[in-house]
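This report describes the fold, the core and some backbone features of the chain displayed below. Please keep the sequence and the structure in view while reading.

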Amino acid sequence: MTHRVAVRPSDVQLDVLDGEDVFSAAGRLGYRWPTVCGGRGTCRTCFVRIEEGAENCSPVDPLEREGIEALRMPVDGLTRLACRLRVEGPVTVTKRGVRRRTQE
Ligand code: FES
């Protein structure tokens with residue numbers, strides 16, 4: 001089962017698998033997502049703003065909470081780390097810099 005995650009403003013649509021985090025789904029589907037740590041939950045570069053579908057998002061885990069606090073953002077469920085975020089239904093997020101990977 002997959003869940004549609006829409007990414008603004010680039011208008012990228014990701015079909016995220018059950019149990020898969022959004023950052024990994026983007027990579028699997030051929031998109032480059034801003035990161036320094038490569039998805040380990042430590043760089044916080046991957047953070048997103050949830051626009052719609054917060055009720056379909058996984059709970060914030062302790063590592064993610066630490067990261068959001070370090071960003072000086074409120075832990076209100078609307079700022080999330082894409083590499084920790086799992087979804088169970090449609091979600092719309094804002095994240096600049098998500099692009100299709102070009103051939104290297
Ligand atoms: S990719 Fe580094 S914290 Fe998510």
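Accessible areas come from the Shrake-Rupley method with a 1.4 Å probe, and for residues only the protein chains shown count as cover. On that basis the chain exposes about 5900 Å², and carbon and sulfur atoms supply 48% of this area. The model is a predicted one, in which local features need pLDDT of at least 70, side-chain atom pairs count only at pLDDT 80 or more, and totals for chains, interfaces and linings use all residues. Residues are numbered from 1 along each chain as its sequence is written, and side-chain values use heavy atoms, with hydrogens and water left out.

**Overall architecture**

The chain has 2 helices and 7 strands; helices (H or I, at least four residues) and strands (E, at least two) are DSSP runs, numbered from the N terminus. Read from the N terminus, the order of elements is β-β-α-β-β-α-β-β-β. The radius of gyration of the chain, taken over C-alpha atoms, is 12 Å, close to the 13 Å of the globule rule for 104 residues (2.2 Å times the number of residues to the power 0.38), so the chain is as compact as a globular protein of that length. Along the principal axes, the C-alpha atoms fill a box of roughly 35 × 30 × 25 Å.

Contact means heavy atoms within 4.5 Å. Of the contacts between residues at least 6 apart in sequence, 62% join residues at least 24 apart. Buried residues account for 41% of the 104 residues, where buried means under 20% relative accessible area, exposed over 50%, and partly exposed in between (1.4 Å probe, protein chains only).

**The sheet**

An open sheet is formed by 5 strands in the order β2-β1-β6-β4-β5, with mixed pairing. Its edge strands are β2 (12–17) and β5 (79–81), each of which pairs on one side only. From one strand to the next the twist averages 40°, with axes fitted to C-alpha atoms and angles running from 0 to 180 degrees between N-to-C directions. Two strands pair if DSSP finds at least two bridges between them. Strand β1 (residues 2–8) is joined to β2 by 6 bridges, and the two run antiparallel. One bridge links Arg 4 to its partner Asp 15 in β2.

**The nonpolar core**

A nonpolar core is a set of buried Ala, Val, Leu, Ile, Met, Phe, Trp, Tyr and Cys residues joined through side-chain atoms within 4.5 Å. The largest such core has 23 residues, and those with the most contacts inside it are Val 5, Val 7, Leu 14, Val 22, Trp 33 and Val 93. Two or more residues each come from β1, β2, α1 (22–28), β4 and β6 (91–94). Helix α1 gives the most, with 4 residues. Beyond its neighbours within four places in sequence, Trp 33 is in contact with residues including Val 7, Leu 14, Val 22, Phe 23, Val 48 and Val 93.

**Backbone features in the loops**

The peptide bond from Arg 8 to Pro 9 is cis, with omega near 0°; Pro 9 is found in the loop between β1 and β2. Two residues other than glycine, Arg 44 and Arg 72, have a positive phi, as tabulated here.

| Residue | Phi | Loop | Relative accessible area |
|---|---|---|---|
| Arg 44 | about 70° | between β3 (31–32) and β4 (47–52) | 29%, partly exposed |
| Arg 72 | near 60° | between α2 (62–70) and β5 | 77%, exposed |
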